[in-house]
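Please look over the sequence and the structure shown here before reading on. The paragraphs that follow lead through them one part at a time.

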Number of protein chains: 2
Amino acid sequence: MSSIRDVARIAGVSVATVSRALSMPEKVSAESLEKVHAAIAQVDYKPNMLARNFRSARSYAVVVLVPDIANPFYSLFIRALEDRAQQKGYAVLLGDTRGTHERELEYIRRVETRLADGIIQLRPSSEKSLNNIPADIPCVNACGCEYTTGPAIRIDNRAAAKTMVDYLISLGHKRIGVISGLKDNPHTVDRLEGYKDALRSAGIEFDRDLIAEGDFTMWSGLNAAFQFCNMKNRPTAVFSMNDEMAIGAMQTLKAQGIRIPEDMSITGFDDIAYAKYCDPSLTTISQPAEEMGKMAMDMLLRIIEGEPLSQTECVLPTEFIIRKSTAPVKIS
Amino acid sequence: MSSIRDVARIAGVSVATVSRALSMPEKVSAESLEKVHAAIAQVDYKPNMLARNFRSARSYAVVVLVPDIANPFYSLFIRALEDRAQQKGYAVLLGDTRGTHERELEYIRRVETRLADGIIQLRPSSEKSLNNIPADIPCVNACGCEYTTGPAIRIDNRAAAKTMVDYLISLGHKRIGVISGLKDNPHTVDRLEGYKDALRSAGIEFDRDLIAEGDFTMWSGLNAAFQFCNMKNRPTAVFSMNDEMAIGAMQTLKAQGIRIPEDMSITGFDDIAYAKYCDPSLTTISQPAEEMGKMAMDMLLRIIEGEPLSQTECVLPTEFIIRKSTAPVKIS
DNA sequence: TCGCATAATGTAATCGGTTACAGGTAAATT
DNA sequence: AATTTACCTGTAACCGATTACATTATGCGA
């Protein structure tokens with residue numbers, strides 16, 4: 001494999017000239033430039049980036065920590081993140097943590113040992129659920145919540161949830177079930193607050209029995225829905241904290257002969273691709289995942305490059321999308 | 001930031017001893033080992049992997065080239081690939097090519113410049129659609145087809161397609177529509193051959209009008225289905241070359257008042273998570289994505305490490321999954 | 001013609017590890 | 001006691017780029 005010294009020898013110039021010809025060609029005479037390019041072509045020289053990165057003490061790579069890459073909501077983020085990183089000359093190291101603490105630490109270690117320059121965290125984190133990333137390593141949360149500490153891009157989960165539940169209430173629903181994420185998940189916490197806000201402003205009393213806990217998977221939504229089917233005083237609408245659980249729940253409801261939305265309305269959150277194609281199509285909240293990913297990557301790279309941040313938190317607007325899974329409450 | 005020389009100084013040993021204490025502790029006296037570990041703890045030493053990788057001329061990273069990471073079929077693969085790579089101490093560099101030639105080249109360049117040691121290709125490639133990866137760089141296709149050149153893991157697309165169409169024929173269907181991928185996609189080619197095989201063995205004549213071309217997205221499936229709705233002599237079953245297009249097509253069919261499976265059967269391919277949860281649940285072919293990803297990564301790492309390969313191609317079995325989207329043809 | 005600024009180039013140090021080689025000590029063998 | 005062997009350790013070269021600094025050549029004005 002040819003090195004910069006081979007090129008220099010063949011071109012009849014010094015290694016410094018070759019290096020300059022590549023990184024600052026305006027500092028090199030046209031004559032030398034030509035000789036260098038000829039030599040590069042002759043020996044098919046490809047610079048060794050490992051050497052370059054070593055010298056510059058930078059890896060030009062960023063770890064993306066994601067709880068589960070097969071989750072369609074995260075994959076949208078990742079696509080945007082990767083796109084932006086690529087544009088700026090950075091690589092994305094995939095860090096699928098499968099939700100475990102241990103794997104997260106392994107990836108943090110990669111930054112500490114210089115194999116990556118920073119971290120994009122997709123797991124929502126708050127003070128309560130410590131994020132165990134040392135303060136001195138560049139990190140941005142691309143999917144934060146109200147209590148996320150450090151630089152973050154997020155939506156206003158609480159307000160979005162309130163909007164959704166307000167809408168259900170406006171349709172006449174008074175008993176509104178919730179399919180939540182795990183209790184200690186910060187998104188669950190924020191969205192549940194939004195749900196309670198909506199009930200409060202409508203003067204509806206909160207009923208703990210209407211909360212069914214899931215874990216953001218379709219399967220858990222499917223299970224959670226049974227809790228509502230078997231109730232003597234069934235809710236007339238269900239607010240699911242993500243689309244996947246809503247889609248799972250629909251299966252259960254349909255299987256139990258409950259018509260959507262005639263007998264029960266159901267809503268999601270995230271607006272994943274299937275939300276539009278399921279039957280009936282899902283009323284949901286759209287998160288600007290592309291935009292969030294792009295902004296998060298920009299923020300991280302700015303931190304890495306040592307540029308000042310104009311703001312360390314950015315709250316992006318969501319979009320409320322009404323489809324066919326919701327309808328006015330049935331008069332019975 | 002502390003280096004190995006700092007540790008050596010504080011421990012009162014040479015840098016060689018420190019290096020050995022870390023990579024071959026059995027070659028170092030217990031006494032030295034203790035001094036080194038104490039010094040490491042004292043200065044919070046983290047080895048600079050960029051230096052190590054530079055010296056060893058290896059990056060311990062692998063590029064995964066994927067046409068679109070937001071495609072749920074690919075994300076399953078990626079999860080398996082990442083899992084295996086992590087186990088073996090390799091990082092996964094995400095290479096979302098968005099289907100473009102150009103981006104693929106950018107990632108190939110990363111291998112040539114030593115930022116990665118090899119490539120996992122998820123785009124099906126064949127002789128016809130050149131894969132433009134130089135022969136001297138380690139590469140495995142994790143999602144190959146019959147004509148893929150070089151090391152590959154694949155399924156028997158042709159046989160799987162035939163199994164599916166045989167099944168539809170066994171239900172009495174004679175006019176079987178196809179929603180295909182792009183014409184020159186190798187998977188399309190293989191699966192279409194399987195379709196024709198099945199027709200041939202049942203003595204049914206091939207009808208070009210029954211082929212609707214899509215591009216493996218839901219949206220294209222939705223559109224392709226219109227071609228069948230408007231036909232005077234409508235097919236009684238549709239074989240879609242992936243689940244997403246099948247799900248898109250279902251939307252169109254239902255919207256046109258065509259009942260599934262009573263009026264028309266429909267089948268998919270891949271068995272993505274949603275295939276089980278759509279309405280009706282989808283009869284499909286399950287690909288062992290986890291297993292394929294794992295095997296592909298193992299094969300690639302073996303090539304990188306210079307170990308001999310027992311075989312350069314591996315064809316894994318698929319599973320035929322019957323759900324609710326298929327039924328015997330209606331007697332009319 | 002001389003002095004000085006500017007441009008182009010070359011020499012060699014440097015980054016932080018790994019490792020070939022040499023040297024030294026103590027135990028084992030003759 | 002001499003020789004061999006095993007084991008541990010240290011010195012310094014090395015990987016391939018970048019870049020500070022020195023050097024040389026050229027152009028320009030006085």
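**A guided reading**

In chain B, strand β5 and strand β11 (residues 313-316) run parallel and are joined by four bridges, where helices (H or I, at least four residues) and strands (E, at least two) are DSSP runs numbered from the N terminus, and two strands pair if DSSP finds at least two bridges between them. Within this pairing, B:Ile153 stands opposite B:Cys314 of β11(B). Strand β5 (residues 152-155) of chain B is covered on both faces, since B:Ala152 and B:Arg154 on one side are buried, as are B:Ile153 and B:Ile155 on the other. Here a residue is called buried if 20 or more other C-beta atoms lie within 10 Å of its own, exposed if 12 or fewer do, and partly exposed in between, with the C-beta atoms placed from the backbone.

This is a predicted model, in which local features need pLDDT of at least 70 and side-chain atom pairs count only at pLDDT 80 or more, while totals for chains, interfaces and linings use all residues. Residues are numbered from 1 along each chain as its sequence is written, and chains are lettered from A and ligands numbered from 1 in the order in which they are written.

Chain B also holds an open sheet of four strands, in the order β7-β6-β8-β9, with parallel pairing. At its edges stand β7 (211-213) and β9 (265-267) of chain B, each with a single partner strand, so that one side of each has no neighbour in the sheet. From one strand to the next the twist averages 15 degrees; for such angles, axes are lines fitted to C-alpha atoms, for helices over the stretch in contact, and the values run from 0 to 180 degrees between N-to-C directions. Strand β8 (residues 237-240) of chain B is joined to β9(B) by three bridges in the parallel sense, and B:Ser265 in β9(B) is the bridge partner of B:Ala237. Across β6 (176-180), β8 and β9 of chain B lies helix α7 (residues 157-170) of the same chain, which runs at about 175 degrees to β8(B).

What surrounds B:Arg123, which is placed in the loop between β3 (118-121) and β4 (139-141) of chain B? B:Arg123 counts as buried because it has 21 C-beta neighbours inside 10 Å. Apart from neighbours within four places in sequence, B:Arg123 is in contact with B:Leu65 and B:Pro67, two residues being in contact if their C-beta atoms, placed from the backbone, lie within 7 Å. B:Asn141 is 18 residues from B:Arg123 in sequence, and their C-alpha atoms are 7.6 Å apart in space.

Helix α5 (residues 72-87) of chain B has 16 residues, which at 1.5 Å a residue should span 22 Å, and this agrees with the 23 Å between its end C-alpha atoms; the expected span is 1.5 Å times one less than the number of residues. Of the 16 residues of α5(B), 14 are buried, so that the helix is mostly covered. Just after α5(B) comes B:Gly89, with a positive phi of about 80 degrees.

Turning to chain A, one finds a division into domain 1 (4-47), domain 2 (58-155 + 288-317) and domain 3 (157-286), with bounds that come from an automatic or database domain assignment. The centres of domain 1 and domain 2 of chain A, taken over C-alpha atoms, are separated by 38 Å.

Helix α3 (residues 30-43) of chain A has 14 residues and reaches 20 Å from its first C-alpha to its last, close to the 20 Å expected at 1.5 Å a residue. Which residues of α3(A) are buried? They are A:Lys35, A:Val36, A:Ala39 and A:Ile40, and they lie on the same side of α3(A) because they cover an arc of only 135 degrees around the axis, the arc being that of the directions from the helix axis to the C-beta atoms. What covers these buried residues includes α1 (4-11) and α2 (15-23) of chain A, whereas A:Ala30, A:Glu31, A:Ala38 and A:Ala41, on the other side of α3(A), are exposed. After α3(A) follows A:Asp44, with a positive phi near 50 degrees.

Finally, the contact between the chains takes 36 residues from chain A and 36 residues from chain B. On the side of chain A that touches chain B, the elements giving two or more residues are α4 (49-56), α5 (72-87), β2 (91-96), α10 (243-255) and α11 (274-277) of chain A. The largest share of that side, six residues, comes from α5(A).
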